[in-house]
Amino acid sequence: MKRIIFSLLAIFAVALVATAAGKCVMRLLGEGHSIVTVEGDNKYILLPVQDNSPESRISVINDNNIVYRMNVRLAKDKVDYFVPYSVNKGDALHIHVPYDPNNTQSLHDTNSGDGIWMKHITCSDSFTPQGEKYRPSYHFAPTYGWMNDPNGMFWKDGVYYLYYQYNPFGAVWGNMSWGHATSTDLVHWKHEPVAMLGDGVGAIFSGSAVVDKENCAGFGKDAIVAFYTSADERQTQSMAHSTDNGMSFVKYPANPILTSQARDFRDPKVIWHAASQKWIMCLAVGQEMQFFSSTNLKDWSYESSFGAGEGCHGGVWECPDLVNLPVEGTDESKWVLFCNINPGGPFGGSATQYFVGDFDGSKFTIDTPGKTKWMDYGKDHYAAVTWSNVPDSRCIAIAWMSNWQYAGIVPTKYFRSANSLPRELSLYSFDGELYIKSAPVKEITDILSPVVKNRRFSVSKAAKSVAIPASLGSAFNISLSIDRASSEAASFSLVNNDGDTVIFTLTADSFAVDRTKSGKCDFSDEFACVTSAPINSTAKMVSLSIYVDNSSIEVFGDNGRFVLTNLVFPQSPFNKMVFASQKGKFKVVNLSINKINL
């Protein structure tokens, strides 16, 4: 049994084209039920998927025991793509599709056996990877399948461990598991076996992980202890541990470790609070955050709640984080509480708000009550959380780069969603308030090299164009500074040969990104939009660093004082910048277009 489950966890090959097709043997059992086995020694069963098809229930059976259950949207009318199931000797798939004997369009016609998925299900011993137009070049994305919230991140022995909400059996939400990847530089990622699959307690929702340096939990010195929400009819908190640096986990036999009468009770973030010598767990509960404490990571006591009357309450609060950040230019630090919310973001849908204050090991106290602050003013920045145990006191965050309004229908095929660039966090002061500064990690800025370098020019109403070298394709960085002293609004655009345009506009107090004509937008009424951020600066010169990838644009202003993250789906690569002034003149200083050396 253990061997079977391990093999199932090892599914991470690209579910694309079979290079050596085999034969699946199907036995029809009646009323939507069938048993599928493999003839020969093929390694995978390829399941045909249609994203808008109803879910079929599949039980993996071996030696008459059910070893795993999954829901797969088997193709009804057409095959969108295939997903693989990794076969063990003796495996059989018991497939139960939605069945209506009075509906000739049923997924499973037991009379003729001509359901679309039944015609296309096959097996293979290998796969040939295929490219995809909108797959990012330098942002992390799963090889295939659905991804949302980053989970359980920690650093240990020179390696960054990233887990994430993952569906290994489709490019839409479902079968929530912890996918897994590792990196030594936050740029190049290695896909690892799936870390945790759902079990009898529930699906594996979001959570966090810590390095237990003092063996508080009794699993061994430096064991990795992970906390996650088990989601079934109720949401409860569970734990697991790893003694091989997070490559495999053993679930705690007494799960769940924490329960609640609240229905929305999820996403445990655990930190060590040195001042009180306690472990602190922060949980999202409805529209508040609750704090619990422990000395052994197993037994938790309620401490306090935060949220009533504070921040935005347009939707459910999710994915908390609690970090201590330095205040730039001082010897001080402050506590910051992240609160991801859906819906309720500044431009609709999901977004990340935060609160600056103090935490004494029991209670969080906000500095400026009644004010909402956003970590990112784009449309596609959610579930932002940080790595634990990072050396040199660095606080590094990453977010899910999408929005729940349209995440399941964006125009990608084998995969859906990527992560934002990892960002290093600090605090800065403006008009007596503290705000998060969110800058790209130095690991990404260190690999930039200029292709177009140090251009300087003045811009008036007459448009001025700068070509983007074709050699850069769809993945590059643009850095520039704008002197806005004599212009009410400085504007420039990214343009391609198909007429797709993204417009950037800088005014006296804001910076805006307009993606209403950026390419494919018609898949959702919520996608075409203009997002804008306050600048929080009185300086005449504003610096910008713009990271363009195949399906995203991230703008970092003044080294992260304001940030906007937006998806885009252009028909072809952007190959030109066009500058124009709505009134007066402005100067462009030190314009560079940079290659990202992967």
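Of the 598 residues in this protein chain, 59% count as buried, and keep in mind that you're looking at a predicted model. Buried here means that under 20% of a residue's relative accessible area is left. What about the outside? The accessible surface of the chain adds up to about 23000 Å², and carbon and sulfur atoms own 47% of that.

Now for the overall size. Lay the chain along its principal axes and its C-alpha atoms fill a box of roughly 75 × 60 × 45 Å. A compact globule with 598 residues would have a radius of gyration near 25 Å, and this chain has 25 Å, so the two agree. Contacts tell you about the fold too: among those with a separation of 6 or more, 64% are between residues 24 or more positions apart.

What is the chain built from? Count three helices and 44 strands. Let's visit two of the sheets.

One is an open sheet of five strands with mixed pairing, in the order β14-β13-β12-β11-β30. Its edges are β14 (190-196) and β30 (415-416); each has a single partner strand, so one side of each is left without a neighbour in the sheet. Further in, look for β12 (residues 159-167) and β13 (residues 177-183), an antiparallel pair with seven bridges. Find Y161, and you'll see its bridge partner in β13, T182.

The other is an open sheet of six strands, β34-β43-β36-β37-β38-β39, with antiparallel pairing. At its edges, β34 (464-467) and β39 (530-534) each pair on one side only. From one strand to the next, the twist averages 15°. Strands β36 (residues 487-495) and β37 (residues 501-506) run antiparallel and are joined by six bridges, and L494 sits opposite V502 in β37.

How values were computed: Residues are numbered from 1 along each chain as its sequence is written. This is a predicted model: local features need pLDDT of at least 70, side-chain atom pairs count only at pLDDT 80 or more; totals for chains, interfaces and linings use all residues. Side-chain values use heavy atoms; hydrogens and water are left out. Two strands pair if DSSP finds at least two bridges between them. Helices (H or I, at least four residues) and strands (E, at least two) are DSSP runs, numbered from the N terminus. Axes are lines fitted to C-alpha atoms, for helices over the stretch in contact, and angles run from 0 to 180 degrees between N-to-C directions. The radius of gyration is taken over C-alpha atoms; the globule rule is 2.2 Å times the number of residues to the power 0.38. Buried means under 20% relative accessible area, exposed over 50%, partly exposed in between (1.4 Å probe, protein chains only). Contact means heavy atoms within 4.5 Å. Accessible areas come from the Shrake-Rupley method with a 1.4 Å probe; for residues, only the protein chains shown count as cover.
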